[in-house]
Structure formats: structure tokens, C-alpha cells
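Here are my comments on the model you sent round. They start with the overall fold and then turn to the ligand.

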Amino acid sequence: MFDLWQRLTGIFLLIVVTAVLWVAVDAVTALLLFSFILLGITIHHTYCLASLDRWFQRFDHTSIDPSTISTIPSSFGPWGDVFIRLTRFIRRYYRSRQTLSKALERLQRATSAMPEGIIILDEANRIEWCNPSAEQHLSLDLKLDVGQHVTHLVRQVQFVTYLTAGDYSKPLVIKQSRYEEMILSLQLVPYGDKEKLLISRDITRFEKMEIMRRDFIANVSHELRTPLTIIGGFLETLLDEEIKDSEMEKRALTLMADQAKRMQRLVEDLLTLSRLENAQNILHEEDIDIAELLHSLFQEAQSLSAEHHHITLNILSDAHLLGSVDELRSALGNLVSNAVRYTPEGGEISLNWTEEQDQGLFYVQDSGIGIGPEHILRLTERFYRVDRSRSRETGGTGLGLAIVKHVSGRHQARMEIVSEIEKGSIFKIWFPAKRLVKNKAGSTAHDISSIPSNKTIPPIP
Ligand code: ADP
């Protein structure tokens with residue numbers, strides 16, 4: 001604190017000394033000394049004031065750092081106290097600025113990491129700030145677009161209407177104008193003094209899932225409608241007492257039985273899929289003798305083919321596999337039955353178990369009708385068929401490959417499809433090395449065998 005009394009004592013002392021000199025010596029000497037001391041004090045004050053003024057002119061409050069403190073002038077007496085106080089004030093100001101900018105930096109880092117886009121709009125809906133997710137969602141560039149009216153940059157009519165309507169209780173769903181495939185949910189949240197937060201979320205995945213769910217329900221209903229119509233129609237006919245035609249009855253019953261079986265298969269496959277999809281349903285792992293499993297699938301393939309195809313089984317590895325035998329039987333069985341169903345009479349089919357690049361490889365190769373490249377990526381979608389009528393005629397449910405994909409995923413295995421129209425297909429499942437059990441003590445090692453012949457089908461180019 002400025003010591004007023006100390007300063008006043010100094011002046012009082014000066015007056016006393018002058019008075020004593022006046023009395024003791026003479027008035028001229030006393031006044032001369034008094035004036036001389038006053039002049040010295042005035043020069044000192046003027047000099048310090050000028051130094052402070054110069055310092056203020058150079059002072060930039062936006063770039064304060066420790067070096068700013070060293071530029072503050074120093075002095076003695078009352079000015080010394082003022083400069084020390086100024087130094088303390090600048091130091092405190094610098095520290096609080098540091099704390100604030102660190103907090104701001106942390107806040108910016110947190111908002112930058114958010115998957116939601118955040119835009120701060122002022123009273124007139126001009127952009128004040130936005131995070132990187134908002135830049136990506138709405139194709140903004142903060143450096144260029146700050147201060148721009150948001151409707152100049154997000155031009156969709158629905159958004160302009162939403163903004164002007166003033167009812168922000170529900171979010172607005174729009175398609176991103178630049179990337180058509182991105183679907184965004186936009187929600188305005190008013191806050192503070194007529195300012196608004198615009199929050200954007202990328203909901204493309206949820207929307208796609210919703211579309212898939214709708215398609216799935218439509219497909220299931222469609223699949224079940226035909227069998228139900230046939231069964232219902234024939235039941236009505238059979239109930240009609242006028243008709244006593246036993247041939248007709250036989251035909252109707254056969255058709256009804258066929259369609260009932262198809263519905264059963266559909267329901268079974270749907271249940272299998274929902275079991276596989278259920279995250280709670282953990283994989284029951286056991287040591288599977290793949291050779292044994294393939295022998296039984298080979299026999300099933302032969303009975304399904306009814307000697308219309310030439311089928312071979314090639315076991316080129318005696319490694320067992322860690323996994324669920326029921327799930328793998330269902331997945332591999334689907335691939336084998338597809339090969340039989342989509343290969344015309346006289347065609348070649350092979351079931352193979354081998355090891356390549358340290359991985360277990362199961363593959364089914366056929367010389368069947370093949371699949372065009374445009375279909376390959378969609379084959380594992382539920383109810384996706386290249387040829388709908390052929391699938392139905394041969395008793396397909398359209399869910400087989402979806403089951404194979406899920407089972408592979410649960411075993412960390414990778415599915416690969418190579419196919420060419422009119423030449424045939426290869427469906428491969430690559431099992432990771434960690435799932436292979438080699439030469440395990442006590443396990444029955446099977447002869448590396450080939451049934452009925454080891455004839456190789458020429459590879460699909
Ligand atoms: P589906 O019960 O109709 O066979 P899948 O999911 O098993 O259903 O197969 C999907 C589609 O993939 C089939 O409808 C068929 O068009 C095609 N497909 C599957 N396997 C083969 C194959 N080995 N050869 C040719 N096309 C195949």
C-alpha cells in the first residue's frame with residue numbers, strides 16, 4: 001500500500017529543514033536548497049511517468065509472456081512501489097491467462113474427439129465456432145466459414161424450414177448434400193442470450209440397419225406367403241365336399257407337404273440365424289475331427305446329388321479344428337448343398353480340407369452355373385438370390401450363405417468366393433492358425449485321403 005504518511009513526513013521534514021536554515025543561516029540559502037530539492041523530485045517524477053507511458057505504449061495484452069515482466073521499468077521511492085505492484089499484477093494476469101487457455105485447449109480437444117458435430121450459432125444464425133466432426137458432416141471449413149450465415153452453407157430446404165420454424169423439440173434427418181450416402185440427424189439447442197448449438201450426428205449406419213430390418217420383415221412375409229397360399233388353397237379345395245377326385249387329393253397333399261417342409265426349413269434357418277446373432281450365445285468350443293465331419297457331409301452330398309454329379313473328398317491335412325461342431329456342420333453343409341443344387345447334372349464337385357499359409361482351409365469347388373461378379377458382394381445378405389426361381393425349385397431358403405458368414409465370423413474365419421458364370425465356383429473358409437489342433441496326443445489321426453479319386457478340378461481362372 002502507498003504509504004501516504006511516510007511521504008507526508010518527508011515533505012514535512014523538508015519544510016522543517018528549510019525553516020531551520022531560514023532562521024539559522026538566511027532566507028536565500030534556505031529557499032535555494034528547498035527549490036533545488038523540489039526540482040530533483042519533479043525531474044524524478046517526470047522521468048518515471050515517461051518510462052511508464054513508454055511501457056504502456058509498447059504493451060500488448062494479447063501476447064503476454066514472462067519476458068513482458070522484464071520490460072516493466074524499475075525505480076525507487078513511491079515509483080518503485082508502483083512498478084513492483086504493476087509487476088505483480090502482470091504476473092497474476094499472465095498466470096490466470098495460462099490457466100484459462102489450458103482449460104480452453106482441453107475443452108477444444110474434448111469437443112474435437114466427439115463423434116457428434118457441434119456448431120455455435122449467434123443470434124443471427126451466423127457460425128461462431130464448430131468442431132472437426134461438424135466440419136466433416138456439413139463440409140464446413142471453420143477458418144473460411146466463421147461469421148457466415150449457416151443457411152448459406154447448409155442449403156437444404158428442410159433445414160432452412162427447421163431453422164425458421166423455431167420448433168427444435170425433435171431432430172431433423174437430412175441427406176448430406178455432398179456425400180449422398182451420408183444421413184445426418186441435426187438438432188438445434190437454444191442456450192444463453194439467443195445463441196444456439198447445432199448438433200449433428202452421422203446416423204447412416206442406423207438408417208441402413210432400419211432399412212435392412214424392414215427389408216427382412218418384408219422378405220420373410222413374402223417367403224411365407226406362397227407356401228401358406230398353396231396350403232390354404234388346397235385345404236379349401238379338399239374341404240369342398242363336391243370334389244372326390246383322389247388324384248387331385250394326392251397332388252394337393254404332395255404340394256402341401258412340400259410347402260410345409262419349405263416353411264419348416266425357413267423357420268429353422270431363421271432360428272439358426274437369430275441364435276448365431278445373439279451376443280449372449282457363446283461359442284461352445286470342442287476339438288473337431290474335420291475329416292470325420294467331411295466324410296459325413298460327403299455322404300449327404302452324394303445322397304442329395306442322387307448320382308447326378310461326380311463328387312470327390314480331399315483330406316490333405318490331419319489337423320483338427322477348435323470350434324462348435326453343430327455350427328460348422330450347418331455352415332459347411334450349406335456350402336456343400338449349394339454346390340450340388342447349383343451344379344447341373346454331370347458336373348464336378350469337390351470337398352477339400354487342407355492347410356495353407358499356416359491357416360486351415362476348407363473349400364468346396366464346383367463346375368456349376370457360377371455367379372456374376374456384381375452379385376458376389378451381396379451373396380451373404382439374407383434372402384439375396386442370383387436366380388430366385390432356381391433357389392426355390394431346389395428347396396433353398398435364401399439364408400444359407402448368411403448362416404455361413406455368421407458361423408465364420410464366430411470362428412474368426414474368413415470367407416472367400418471365387419466364381420465365374422458357366423465355369424463354376426469356389427467357396428473357401430480360412431480358419432486362423434490358433435484354431436488348428438495338430439497331432440494332438442490321443443486324437444485319432446485320419447489317413448490323408450481322397451475319396452473316390454484325387455482328381456483335381458481345373459481352377460477357375
Ligand atoms: P439359397 O437357399 O437360395 O441357395 P444361399 O444363401 O445359400 O441361398 O445362397 C444365396 C445365393 O447364392 C443363391 O440363391 C445362389 O443364387 C447363389 N449361390 C450360392 N452358392 C452357389 C453356387 N455354388 N453356385 C452358384 N450360385 C450359388
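The numbered points below cover the chain, the ligand shell and the polar contacts.

1. Status. This is a predicted model. Please keep that in mind when reading the distances below.

2. Fold content. The chain's secondary structure amounts to 15 helices and 14 strands. The radius of gyration is 44 Å, well over the 23 Å that the globule rule gives for 461 residues, so the chain is more spread out than a compact globule.

3. Dimensions. The C-alpha trace spans about 155 × 65 × 40 Å along its principal axes. Read this together with the radius of gyration of 44 Å.

4. Ligand site. Where does the ligand sit? The largest pocket holds it. Around the ligand there are 22 residues. The closest of these are R341, Y342, S391, G398 and L401.

5. Elements of the shell. Three elements each give at least two residues to the shell around the ligand: α12 (325–341), α15 (400–410) and β12 (424–431). Which of them supplies the largest share? That is α12, with 3 residues.

6. Character of the shell. By class, the shell residues split into 10 nonpolar, 8 polar and 4 charged.

7. Polar contacts. N338 places a polar side-chain atom 2.9 Å from an oxygen atom of the ligand. Two other contacts come from the backbone. In V386, a backbone N or O atom lies 3.0 Å from a ligand oxygen. In G400, a backbone N or O atom lies 3.2 Å from a ligand oxygen.

8. Burial. How much of the ligand does the protein bury? On its own, the ligand exposes 530 Å², and the protein buries 98% of that.

9. In short. The chain is more spread out than a compact globule. The ligand occupies the largest pocket, with 98% of its exposed area buried by the protein.

Technical notes. Residues are numbered from 1 along each chain as its sequence is written. This is a predicted model: local features need pLDDT of at least 70, side-chain atom pairs count only at pLDDT 80 or more; totals for chains, interfaces and linings use all residues. Side-chain values use heavy atoms; hydrogens and water are left out. A residue is near a molecule or strand if one of its heavy atoms lies within 4 Å of it. A polar contact is a pair of N or O atoms within 3.5 Å; within protein, one must be able to donate a hydrogen and the other to accept it, and residues adjacent in sequence count only if both atoms are side-chain atoms. Accessible areas come from the Shrake-Rupley method with a 1.4 Å probe; for residues, only the protein chains shown count as cover. On a 1 Å grid over the protein atoms alone, a cavity is a set of points where a 1.4 Å probe fits but cannot get out, and a pocket is an open set with protein on both sides within 12 Å along at least five of seven lines; lining residues have an atom within 4 Å of a point. A molecule sits in a cavity or pocket if more than half of its atoms lie within 2 Å of its grid points. Helices (H or I, at least four residues) and strands (E, at least two) are DSSP runs, numbered from the N terminus. Ala, Val, Leu, Ile, Met, Phe, Trp, Tyr, Cys and Pro count as nonpolar, Asp, Glu, Lys and Arg as charged, and the others, Gly among them, as polar. The radius of gyration is taken over C-alpha atoms; the globule rule is 2.2 Å times the number of residues to the power 0.38.
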